[in-house]
Amino acid sequence: MILTVEHVTRYEYDAPMRGMVQSHRLHPSSFDGQKVLSWNVTVTDGVKGGSFRDGAGDLFESWSVIGPVSLVEVRVSGQVETTDMSGILRGHREVIVPTCYLQETAVTRPDQALRDITAGIRDMEPLQMAHEIAARIADAIVWTTGTTGSATTAAEALASGQGVCQDHSHAVIAAARHAGLPARYVSGYLVAEGVQDAAHAWAEIFVKGLGWVGFDAANKCCPDDRYIRLASGLDATDAAPIRGSSRGGGAETLEVTVAVGQAQQ
Amino acid sequence: MLSRTAENLFWIARAMERAENTGRLLEVGARISLLPSIHGYRSEWDSLLQASGTAEGFDRKYDAAVARNIESYMFFDGDNPSSVVSLFNQARENARIVRTALTTQVWDALNMAFQELKQLERRPRSELELTEMTDWVTRTAALVRGSINATLLRNDGFDFLNLGYALERADATARLIDVKYYVLLPRVEFVGSGLDNYQWMTLLRALSLHRAFHWSYAGDITARKIADFLILNPQNPRSLITSIESANWALDRLAKSYGRDMDVQHHARMLLARLTATTVEDIFDEGMHDFVTRFIDDTAHLSHCVWENYLTGDVR
Amino acid sequence: MTTCFNEMFDADAVRQPYARLESWTKAMPDALRHMKQAEAEALFRRIGITFAVYGEGGDPDRLIPFDMFPRVFTAREWGRLERGIKQRARALNAFLVDVYGRGEIVRAGRIPADLVYRNAAFEKSVVGFIPPKGVYSHIVGIDLVRTGPDDFFVLEDNCRTPSGVSYMLENREIMMRMFPDLFRENRIEPVDNYPALLRRTLASVAPAKCDKEPTIVLLTPGHYNSAYYEHSFLADMMGVELVEGQDLFVEGEYVWMRTTEGPRRVDVIYRRIDDSHIDPLCFRPDSMLGVPGLMDVYRSGGVNICSCPGAGVADDKAVYTFVPEMIRFYLGEEPILNNVPTWQCSKADDLKYVLENLHELVVKEVHGSGGYGMLVGPKSTKDQIERFRARIESKPSNYIAQPTLALSTTPTFVDEGVAPRHVDLRPYCLVGDRIELVPGGLTRVALTEGSLVVNSSQGGGVKDTWVLAE
C-alpha cells in the first residue's frame with residue numbers, strides 16, 4: 001500500500017518568543033514492510049541543526065528558530081510504501097539491547113490492577129503472552145477521547161476504564177514489563193478518514209526468536225500496512241516525535257492536524 | 001564576558017546605589033516631618049514611600065504610615081525589595097555568584113556589610129537611632145564604591161558596574177525631585193513660599209549637597225537655582241546630567257572595547273545632548289513633573305536597551 | 001579491629017615518610033598549634049571555602065574541619081598506587097565504550113546483562129555513540145583505603161563528577177602558607193598544576209567539529225548547590241567561564257553561551273549537574289537546570305560533555321564488584337589494586353551470609369553516597385542492626401555488604417594533642433588523550449575516635465596529602 005502523510009503542528013504565541021529549539025524524530029525508517037518513497041520536514045524560519053541516528057534506529061533532527069517568533073509551523077509530508085508484516089518489525093537497524101526496555105517509568109509503573117492483568121499467563125509462550133496482555137488491556141480500557149490527558153498514567157487509565165491510544169499503549173507496556181517482556185512505546189501514523197487532531201501510537205513487545213512485535217490495543221490489532229512507524233521509547237514522552245522548548249513570556253497555543261490516506265493509483 | 005556575569009555586576013551597583021538612596025529618603029522624611037505641614041504628618045511619609053516606589057507594598061502590610069513602621073519597612077523588611085536589608089542581601093548574593101569577577105577588597109566590603117547588617121538587625125529597635133542607621137548606609141555604600149574604584153580591573157565588568165550606578169542614580173535623583181514637586185506640593189500657591197525654600201534646603205541636606213549648593217550659587221535659594229543644580233549642573237555628582245554623562249562614559253568604553261556601537265549608545269548620547277541643550281526655563285515651561293516623568297521613562301528605556309544589547313546574549 | 005595499621009609508627013619506630021614530621025610536632029607547643037589552627041580556619045573562611053550538607057539545614061557556611069597534620073606517601077608507595085589507579089581508569093572507560101557499543105563483556109558472560117542494561121544509570125539514549133577519543137569518564141575519583149604497608153583496597157569508583165578536588169588544592173595552599181619550613185625540609189611533589197592538567201584534558205577531547213582552540217565552560221547547577229564554591233574555584237583556576245543552564249542555548253548545530261558581545265560557541269562542557277537534568281528535551285522534561293536540545297548537539301558531534309551522559313553505569317556499587325574482571329577482560333592485566341570483597345544482597349547465598357553476619361559487616365545502599373544509608377555493623381547497636389535488617393530484607397537488591405576493614409590511621413591533631421585517626425584517600429585521575437594523575441589527593445579523616453566514617457557530612461575532616469619526591 002502507498003500511504004501519504006500530511007502532518008502539521010502549529011505553535012502560536014500571544015507574545016513574541018525569544019527563540020525556540022526542537023528535537024525531532026519525524027523521519028520514518030525504512031525496513032521490511034516500510035519503505036520511504038519521499039519525505040520532507042520543514043519548520044517556519046527554522047535553522048536545521050545536527051542530525052544522527054540513535055541506538056534505537058530513529059533519525060533525530062535538531063531544529064532551532066531565532067526569535068522574535070510568534071508562529072512556528074512544523075510541516076511533515078511524504079509517501080511511504082507499506083506491506084503487512086503481521087506486526088513483526090523486521091530488518092529494522094537498531095543496537096539497543098531489548099533488556100533495556102524492562103525499565104519502568106513514572107507513567108508505566110504497574111499498580112496491583114496492572115499486575116493482575118498478567119494473572120495466569122506465566123506459563124504461556126511469550127508471543128501468546130503478549131497477545132493475551134494486549135487483548136486484556138483492549139477489553140479493560142474503552143477507547144474514549146477527552147477523559148485522559150498527556151500526563152495520565154497507565155494505572156490511572158486502567159482504573160478509569162477509558163482512554164486513547166496513548167493510554168492503551170502505556171497499559172500494555174506496563175503489564176508486559178511486569179510479566180518480564182521488554183516493551184516499548186511507538187509513535188507513528190495510521191490511515192484514517194479525513195483530518196485527525198493527533199498522530200497515532202501503539203506498543204511493541206519483544207518476543208524471543210521473533211523480535212519486536214507491534215500491538216495496537218486501541219484498535220484491537222497488530223500494525224499492518226495501514227501503519228507508518230516513526231519513533232520508539234520507554235513511554236510517550238520518551239518516544240515523542242517532537243520535543244521542544246521555547247524561551248520567552250508568551251502563552252502557547254498548539255494545533256495539530258494529521259491526514260494519512262492511501263495514495264490514488 | 002558572560003551576560004549573566006555582567007547582569008550580576010550591573011545589579012550589585014544598582015542595589016548599592018538604591019540602598020544608599022533609601023537611606024537618604026529616610027533622612028529626608030525624618031527632616032520633613034519636623035516641619036509644620038498643611039497636609040499633616042501622614043502625607044509626608046506617604047510621599048517618601050512613593051518616591052521609593054514601595055507605597056503599595058507598605059499599604060498591604062501596615063495600617064498607619066507612622067515613622068516607626070516606615071523605618072522598619074524601608075530599612076529592615078525582607079518583604080520590601082527596596083529595603084536596605086533586602087538590597088544589601090541582594091548585592092552580596094549577586095557578588096557571591098560572580099565572586100571571581102570581583103577583587104577580594106570589593107568582596108570583603110560587601111561581605112562585611114552583610115555581616116554588620118545582621119548584627120544591626122539583632123539589636124533592639126528602641127536602641128537604634130535613625131541617624132545611626134542612615135549614616136551606616138552612607139558610609140558602607142561609600143566603602144564598596146571606593147573598593148571598586150581603587151582595586152577593580154578596568155575591564156567591561158567595571159563598566160557594567162558604573163553603568164548600574166549611573167542609571168540608578170539618575171532614576172533616584174529624578175524621583176526625589178518628583179517627590180518634592182509632585183507629591184509634596186500639588187498646590188501651585190505654595191511654590192516659591194518660605195515653606196518651600198525650607199523644604200528645598202532639607203532636600204539638599206539629605207543629598208549631602210547643601211554646602212555644595214552654596215559654593216555653586218550665590219544669593220537666595222530659589223526653585224530655579226535648585227532645579228538647575230539638581231538637573232543641569234555637571235558639577236553636581238548627583239544631578240541628572242552628571243548621571244547621564246557617567247552612563248555615557250561607561251557605554252562609550254564598552255563600545256570601544258567591544259569594537260561596535262549598539263542602540264544603547266545612540267540613545268544615551270541623544271539623551272545627553274538633549275539635557276545639554278535644555279535650560280531651566282525650558283523645564284519650567286514644560287512643567288517639572290512632566291519633564292521628570294519623561295526623564296524617568298528615558299532612563300528606564302536606557303536600562304531596557306542595556307538588557308537587550310548586552311544582558312540577553314541574543315544580539316548578533 | 002584491634003590492630004590497625006598506623007602510617008606513622010611501626011611499633012615505636014617512626015616510619016620513614018614521617019621521619020621529619022616527628023620533630024616538627026614535638027617542637028610545636030600547644031599554644032602555637034591552637035594559633036595555627038585558628039589561622040587556618042580564618043584563611044578557609046576568608047576564601048569562602050565552605051560546605052553545605054544536603055538536607056541537614058544548619059549553618060550553610062560551615063567549614064569542613066581541616067587537620068594540619070599531613071598524610072605522607074613515599075615515591076615508591078605512590079608509584080604503585082598511580083599504576084593501579086590509571087589501570088582502573090582505563091578499564092572503566094573501556095567498559096563504558098563497550099557497554100554503549102556491542103557489549104562484548106556481557107556477551108562473553110563476564111558480567112550479568114541485567115546488572116548493566118537494567119541499571120538505572122544505563123543511558124539508552126547514548127547507545128551507539130562514541131564520544132571524542134573514546135572517553136566517557138574524564139575525571140575518575142577513586143576512593144581507597146589502606147590496611148597495611150602494601151595493602152590498599154578500592155572502596156568505590158566515581159566516574160561522574162567526583163567532588164572535593166578544590167580541598168586537595170586549598171589544603172596544600174594553606175599548609176604552604178602556614179608551614180613553609182616543612183616544605184623546605186621535605187621534598188614534596190606539587191599538586192598545583194591540577195587545574196592546568198584538567199583544562200588540557202578537557203581541551204584534548206574537543207569534538208571533531210571544533211576546528212580551533214576549544215572554548216571550555218564549567219556548567220554548575222547554580223549558587224545554591226553545596227559544591228558551588230568548588231565549581232567557581234575550578235572555573236577560575238582554569239580560566240574558563242562558570243555557566244548555568246540559562247547561559248547556554250542551542251542553535252543550529254552548536255551550543256552557544258550568552259555573552260555581552262553576543263553568542264559565543266562552546267565546544268566542551270565540564271558539567272557538574274546530573275545526567276537527568278542536562279537536557280529537558282532528552283531527559284526529565286521538568287528540569288530547569290539544563291540546556292534544551294543539548295543532547296542532540298552532543299550526539300551529532302557539535303559539543304562534548306564531560307563526563308559523558310551515561311558514565312554512571314560504571315561506578316555503581318554493584319558494578320564495582322566486576323571492575324577487576326574488566327581489567328582482565330579489556331587490558332589483559334591483573335588488577336594492581338584490589339577490590340574489597342563484596343557480597344551482593346541480590347544473590348540468595350550472599351544475602352543469607354550478610355543477614356547472618358550483620359554485626360561484623362559494612363552494608364551500603366547500591367546507589368547511596370555521602371555515608372548515608374549505611375550500616376557499620378561493629379559500631380552499631382543491636383537495635384540499629386535489627387532495623388537495618390528489615391530494610392535489607394524488604395529490598396535486598398538495593399544493598400551490598402563488605403567486611404569491616406581495619407582502616408589505617410595517621411596522626412591527627414585532637415584536643416589532647418596528637419592521636420591516631422582513621423583515614424581514606426581520593427586521588428583524581430584525568431583521562432583525555434593521555435591519562436594523568438597529580439601526585440596527591442584528598443585525604444579524609446574520621447575525627448571521632450574509633451570512627452570509620454570519613455564523610456564530611458558525618459563529622460569527617462580533611463588533610464593535606466603529600467607524596468615525597470624520590
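These legends go with a set of close-up views of one predicted model.

**View 1. The whole complex, and how sure the predictor is about it.**
This is a predicted model, and the predictor gives the complex an ipTM of 0.95 and a pTM of 0.90. For chain C, pLDDT averages 91, and 95% of the residues score at least 70. One stretch of chain C to treat with care is residues 52-58, where pLDDT stays under 50. The model has six contacts beyond four places in sequence for that stretch.

**View 2. The four-stranded sheet of chain A.**
Here we're looking at an open sheet in chain A, with its strands in the order β9-β8-β7-β10 and antiparallel pairing. At the edges stand β9 (211-215) and β10 (227-233) of chain A; each has a single partner strand, so one side of each is left without a neighbour in the sheet. From one strand to the next, the twist averages 35 degrees.

**View 3. Strand β7 of chain A and its two partners.**
Zoom in on β7(A), residues 183-190. Six bridges tie β7(A) to β8(A), and the two run antiparallel. With β10(A), β7(A) again pairs in the antiparallel sense, over six bridges. A:G188 is a handy residue to find: A:H200 in β8(A) stands opposite it, while its bridge partner in β10(A) is A:R229. Further along the pairing with β10(A), A:Y185 stands opposite A:G233.

**View 4. Is β7 of chain A buried or exposed?**
Eight of the eight residues of β7(A) are buried, so the strand is largely enclosed by the rest of the structure. In a regular strand, side chains alternate between the two faces of the sheet. Both faces of β7(A) are covered. A:A183, A:Y185, A:S187 and A:Y189 are buried on one side, and A:R184, A:V186, A:G188 and A:L190 are buried on the other.

**View 5. Helices that pack against the chain A sheet.**
Helix α2(A), residues 126-140, lies across β8 (200-207) and β9 of chain A, and runs at about 155 degrees to β8(A). Helix α4(A), residues 165-178, also packs on the sheet, where it touches β7, β8 and β9 of chain A. The direction of α4(A) makes about 15 degrees with that of β8(A).

**View 6. The parallel sheet of chain C.**
Over in chain C, an open sheet of four strands has the order β7-β6-β11-β12, this one with parallel pairing. Its edge strands are β7 and β12 (304-306) of chain C, each pairing on one side only. The twist averages 30 degrees from one strand to the next. Three bridges join the parallel strands β6(C) and β7(C), and C:L218 stands opposite C:L242 in β7(C). Helix α9(C) packs on this sheet and touches β6 and β7 of chain C, with its direction at about 150 degrees to that of β7(C).

**View 7. Helix α9 of chain C, mostly under cover.**
Nine of the eleven residues of α9(C), which spans 228-238, are buried. Among them are C:Y228, C:Y229, C:F233, C:L234 and C:M238, along with C:E230 and C:H231. What covers them includes two helices, α6 (165-178) and α8 (194-204), as well as the strands β6 (216-219) and β7 (241-243) of chain C. Right after the helix comes C:G239, with a positive phi near 70 degrees.

**View 8. Where chain C meets chain A.**
Here 26 residues of chain C are in contact with 25 residues of chain A. On the chain C side, the elements that give two or more residues are α5 (113-117), β8 (248-251) and α11 (294-299). That side divides into eleven nonpolar, eight polar and seven charged residues.

**View 9. The two domains of chain B.**
Chain B has 15 helices and zero strands, and 45% of its 316 residues count as buried. Among its contacts between residues at least 6 apart in sequence, 71% join residues at least 24 apart. The domain assignment gives domain 1 (1-151) and domain 2 (153-316).

**View 10. The domain contact in chain B.**
Where the domains of chain B touch, 25 residues of domain 1 are in contact with 27 residues of domain 2. Two helices, α1 (3-32) and α2 (40-51), each give two or more residues to the domain 1 side. Which element gives the most to that side? That would be α1(B), with 18 residues. By class, the domain 1 side has 13 nonpolar, five polar and seven charged residues.

Methods
Residues are numbered from 1 along each chain as its sequence is written. Chains are lettered from A and ligands numbered from 1 in the order in which they are written. This is a predicted model: local features need pLDDT of at least 70, side-chain atom pairs count only at pLDDT 80 or more; totals for chains, interfaces and linings use all residues. Two residues are in contact if their C-beta atoms, placed from the backbone, lie within 7 Å. Ala, Val, Leu, Ile, Met, Phe, Trp, Tyr, Cys and Pro count as nonpolar, Asp, Glu, Lys and Arg as charged, and the others, Gly among them, as polar. Domain bounds come from an automatic or database domain assignment. A residue is buried if 20 or more other C-beta atoms lie within 10 Å of its own, exposed if 12 or fewer, and partly exposed in between; C-beta atoms are placed from the backbone. Two strands pair if DSSP finds at least two bridges between them. Axes are lines fitted to C-alpha atoms, for helices over the stretch in contact, and angles run from 0 to 180 degrees between N-to-C directions. pLDDT is the predictor's confidence in each residue, from 0 to 100.
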